[in-house]
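Reader: I've got a fold open on my screen and I'd like to learn how to read its surface and its pockets. Can you walk me through it?

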Amino acid sequence: MRPRFSLATVVLDCPDAHALAGFYRALLGWEVKLSEADWVLLRNPEGGTGLSFQSEPGYRPPVWPELPEKQQKMLHLDIRVDDLDEAEGYAVALGAVRAAWQPQDDVRVLLDPAGHPFCLFLT
């Protein structure tokens with residue numbers, strides 16, 4: 001018998017939790033469920049695992065693609081979309097940047113305003 005475990009949220013460290021939460025709130029259409037000085041929790045109104053943001057004064061953005069001796073990404077988000085071009089344009093208008101290196105034709109790698117890579121892919 002094992003104890004019960006349930007993944008509640010994924011936390012992204014960043015220089016400004018409120019700014020990055022605002023980006024993902026607009027991108028995903030999720031709701032702010034908890035907001036503190038250095039912490040914001042977003043939840044999908046349809047349910048599921050949340051996405052949180054924590055301000056870290058010493059935050060260093062990762063390098064994409066990874067390079068030796070540089071800050072490595074710890075994770076990235078995969079986000080399903082209906083139209084790659086439209087979704088990329090919307091994300092860029094919100095403050096994302098298209099990554100210079102795109103490893104696949106059917107996936108778009110973007111960097112959020114704090115430099116975290118995330119991937120858009122078709123449903």
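Reader: How much area does the protein chain expose, and what share of it do carbon and sulfur atoms supply?

Author: Keep in mind that this is a predicted model. The exposed area comes to about 7800 Å², with 52% supplied by carbon and sulfur atoms. On the flip side, 33% of the 123 residues count as buried, where buried means under 20% relative accessible area.

Reader: What pattern does the chain follow along the sequence?

Author: Read in order, the elements go β-α-β-β-β-β-α-β-β-β. That's 2 helices and 8 strands. To judge packing, set the radius of gyration against the globule rule: here 15 Å is close to the 14 Å expected for 123 residues, so the chain is as compact as a globular protein of that length.

Reader: On to pockets. Which residues lie nearest the centre of the largest one?

Author: Volume and lining go together when you read a pocket. This one holds about 540 Å³ of space. Of its 17 lining residues, Leu28, Trp30, Asp78, Ile79 and Arg80 sit nearest the centre. Elements giving two or more residues include helix H1 (17-28) and helix H2 (84-94), while S5 gives the most, with 5.

Reader: What's the chemical make-up of that lining, by class?

Author: It has 12 nonpolar, 2 polar and 3 charged residues.

Reader: And how much space lies in the second largest pocket?

Author: About 240 Å³. It's lined by 14 residues, and Asp13, Tyr59, Gln71, Met74 and His116 are the closest to its centre. By class, that lining divides into 6 nonpolar, 4 polar and 4 charged.

Definitions and conventions
Residues are numbered from 1 along each chain as its sequence is written. This is a predicted model: local features need pLDDT of at least 70, side-chain atom pairs count only at pLDDT 80 or more; totals for chains, interfaces and linings use all residues. Side-chain values use heavy atoms; hydrogens and water are left out. On a 1 Å grid over the protein atoms alone, a cavity is a set of points where a 1.4 Å probe fits but cannot get out, and a pocket is an open set with protein on both sides within 12 Å along at least five of seven lines; lining residues have an atom within 4 Å of a point. Grid points are joined across faces, edges and corners, and a volume is the space filled by probe spheres set on the points. Helices (H or I, at least four residues) and strands (E, at least two) are DSSP runs, numbered from the N terminus. Ala, Val, Leu, Ile, Met, Phe, Trp, Tyr, Cys and Pro count as nonpolar, Asp, Glu, Lys and Arg as charged, and the others, Gly among them, as polar. The radius of gyration is taken over C-alpha atoms; the globule rule is 2.2 Å times the number of residues to the power 0.38. Buried means under 20% relative accessible area, exposed over 50%, partly exposed in between (1.4 Å probe, protein chains only). Accessible areas come from the Shrake-Rupley method with a 1.4 Å probe; for residues, only the protein chains shown count as cover.
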